[in-house]
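Morning, everyone. Please take a look at the structure on the screen, and I'll walk you through it.

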Amino acid sequence: MAECVKDSDAEGRISYGDYVVLKRGDVFKSVQVENKKKVIFEKQWFFLDNAVGQLYGTMFEIEAGGSLKLKAAKHSGDSLDSKEAGQDNRHIVDDGRSQKLSRDDIETLKEQGLKGQEIVQQLIDNSTTFKDKTEFAQEKYIKKKKKNHLRYDTLAQVLTLGNIHAGSKIIVFETCAGLVLGSVMERMGGYGSVIQMYPGGGPTRAGMESFGFPSHFHQTLHEFPLCKVNALLAGTLDLSEKDADGNGRSESSQETSGVSEEKNSEPQSMEVSVDPQEEVRRAERERLREQRAQEKKVKMEEKRKKLASAAALLEGRNADGLVIASRFHPCPVLMGLLKFVAPSRPFVVYCQYREPLIECYTKLREQGGAISLRLTDSWLRHYQVLPNRTHPVLLMSGGGGYLLSGTTVAADAAKARNQHKAEEPVAKRLKLDKISSSCDSSA
Amino acid sequence: MSFVEYSEIIQEGDVVIIFQGHESMMPIKVQSGAQTQTRYGAIRHSSDLIGQRFGSKVTCSKGGWVYVLHPTPELWTVNLPHRTQILYTTDIANITLMLELKPGSVVCESGTGSGSLSHSILRTIAPTGHLHTVEFHAQRAEKAMQEFKEHKVSHLVTVRNQDVCKDGFGITGIADAVFLDIPSPWEAITHAKSAIKRKGGRVCSFSPCIEQVQRTCEALLDHGFEEICTLEVLLRVHDVRTVTLPLPDFGPEEDSTDIPNTGNTSVICRTATPPREMAGHTGYLTFATKPRD
């Protein structure tokens, strides 16, 4: 079903339950609008209740007590006003009459526009710029902590190089809290299917929830545990009821609570109970136990069904693409999951570090089945653009991680090595045969 | 086959990409009875292509072989016939993300040029979006229309042969995003603004020269656009290679009882080196948001 792009105001109004993005200057934060729930943003506590029913893109002030108040609308033609209302002061331009605005001038303007303690907030369209700008805003703060993560320009490459589009079947393995998953789903628009592979107990999707997808999008999303990949490939995946729960822990803990309940009720059932109240309580406990057992059964069945549907999508080995962005060593992940991808389809692997991707590249060359392998990283440079004051301001390089991309082809390892030595530049050709086990063992 | 939807089997009329080796690919149109010459010999369309699976190996008449690939906008970008300077995948990827393009988006673009970005946009907005693309040059507009038809995407695009600075995009109030790659983008900002929906949208202007960027930013500001931001993105490709590094010989160790190692005089390393020169400047990307009216 198409996500209709109608230009109606009804669609643009904030409701309870919506995921929204708070914006103040260059700082963004994603939150959910909940009844009387305190939200913290930029060192301020406030409630979002007064925003409900308002249009996305509205500006609010925070009053004493934490409630939001509508900020008076500004005149769109008066560019000076728009600067005073909290716009980034980079865009205060020379109006031609004075060559330069001094720092004092700028301060005065700000004071005129902002009254005293007034702080301006803005709720913007719950679109996806939040993810790229959040990354950018985070980058500034996190730089001090020297943390590296998926930058939005790298994410942009992943989505495009992966040819992510509506109607395809994409396998995703990520440990970016669902950010990559959400981005992929957004580009698929609710068409096709996404199979999220997950390590451990269950898939993490918090980041994906923030995208606020309509519910039918979730029907295109499947999940499959990594620990069952080999079974699926070997054709030995057991989809019967007892194997449905990939996580043994929750099962046994349920059992223990069930057992302890039995223990409690047992001694009493052995006694001949005369007390009617006791009888009622026992019946109640019995009923609850049965209810819980029934709920557990339903859940197990749901899980089994989900596993079966994901397996059905995977076992055809005809996925249209593969996206990997995780803290796991990419080489085994890639080699394992590529088996599910059809020939002539793109794959993209993100890694914070370069060496693991070099290994992937080498392995793929040896094994065959992939062409147009490219190991890249991107540099991003922002500019301040002002009359007589235009210059670069921020260079983001290196910290964005690396990408290995390629296209699958019908696998035929032996011939691949012999004929297509022309695939690599001359220098490599001489050494290609020397790819020895020493490289593998040095990993 | 289509540029917006994958298929498995090659059919008559498809555009496919022949992969002959590293950085050597070419697009061909599959026609019954036709032949294509490659460096490894001839490919007979009827027997070698039609009915085969995309991604298969095709043996050519001289005995060598090639791969046949399903077209994608990315493959098209590096293989299309240039009628103008084109946009490459690195810039295209960032434009797509920052204009928030997705299925259903309505996009305005000018100029169409050689259709590199157009194909990418069409892939992203399919099946429910629409691209309104304006090309000043009559022949290029015509060629673009032909290509869209051949690539089975013409239902998603409208090509208009006019001057965007004078006549705009031909539509108003329906676009989610506008993209400009023209010599004087500041002259088209008014039209960009009126093309965008009342509830707001995104705009992007691509310019090789900083002077163009300055004028564009000023125009965007004057028209009430917000979140104006200029950036450039550069892709660095790492060449993976195996290198052999010789080990030094310090002579036999004094206390060592080991047999002196005369065998290993070098170590083989698998590494990656960035190219000597990084990708050149393509252009500056300026983004802005049109707020709700």
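How many helices and strands does the secondary structure of chain A come to? Chain A has 15 helices and 15 strands. Keep in mind that this is a predicted model.

Let's stay with chain A for a moment. It has 443 residues, and 46% of them count as buried. Now take the contacts in chain A between residues at least 6 apart in sequence. Of those, 67% join residues at least 24 apart.

Next, a place where chains A and B meet. Find helix 4 of chain A, residues 152-161, and helix 3 of chain B, residues 89-98. Their axes are 8 Å apart. The packing angle is about 105°. Angles of 65 to 115 degrees count as roughly perpendicular, so these two helices are roughly perpendicular to each other.

Who makes the contact? From helix 4 of chain A, the residues include Tyr152(A), Asp153(A), Ala156(A) and Gln157(A). From helix 3 of chain B, they include Thr89(B), Thr90(B), Ala93(B) and Asn94(B). What is the mix at this contact of helix 4 of chain A with helix 3 of chain B? Seven residues are nonpolar, six are polar and one is charged.

Over to chain B and its annotated site. An unreviewed UniProt entry lists a "binding site" made of Ser114(B), Gly115(B), Ser116(B), Leu117(B), Glu135(B) and Asp181(B). These residues are spread over 68 residues of sequence, yet they cluster in space. The largest C-alpha distance among them is 13.3 Å.

Let's pick two of them. Gly115(B) sits in the loop between strand 7 and helix 4 of chain B. Is Gly115(B) buried or exposed? Gly115(B) is buried, because its relative accessible area is 2%, and the cut-off for buried is under 20%.

Asp181(B) is in the loop between strand 10 and helix 7 of chain B. With a relative accessible area of 28%, Asp181(B) is partly exposed. Beyond its close sequence neighbours, Asp181(B) is in contact with Leu87(B), Ser110(B), Gly111(B) and Phe206(B).

Last topic: cysteines. How many disulfides does the structure hold over all chains? Zero. Why is Cys165(B) not bonded to Cys108(B)? Cys108(B) has the closest cysteine sulfur, but that is 14 Å away, so it is too far for a bond. Cys204(B) is in no disulfide either. For Cys204(B), the nearest cysteine sulfur belongs to Cys229(B), 9.7 Å away. Cys204(B) is also buried, at 0% relative accessibility.

That's my tour. Thanks for listening.

How values were computed
Residues are numbered from 1 along each chain as its sequence is written. Chains are lettered from A and ligands numbered from 1 in the order in which they are written. This is a predicted model: local features need pLDDT of at least 70, side-chain atom pairs count only at pLDDT 80 or more; totals for chains, interfaces and linings use all residues. Side-chain values use heavy atoms; hydrogens and water are left out. A disulfide is a pair of cysteine sulfur atoms within 2.5 Å. Buried means under 20% relative accessible area, exposed over 50%, partly exposed in between (1.4 Å probe, protein chains only). UniProt positions are given in the numbering used here, feature names are shortened, and annotations may be inferred rather than shown by experiment. Helices (H or I, at least four residues) and strands (E, at least two) are DSSP runs, numbered from the N terminus. Contact means heavy atoms within 4.5 Å. Axes are lines fitted to C-alpha atoms, for helices over the stretch in contact, and angles run from 0 to 180 degrees between N-to-C directions. Angles under 35 degrees count as roughly parallel, over 145 as roughly antiparallel, 65 to 115 as roughly perpendicular and the rest as oblique. Ala, Val, Leu, Ile, Met, Phe, Trp, Tyr, Cys and Pro count as nonpolar, Asp, Glu, Lys and Arg as charged, and the others, Gly among them, as polar. Lists of a residue's contacts leave out its neighbours within four places in sequence.
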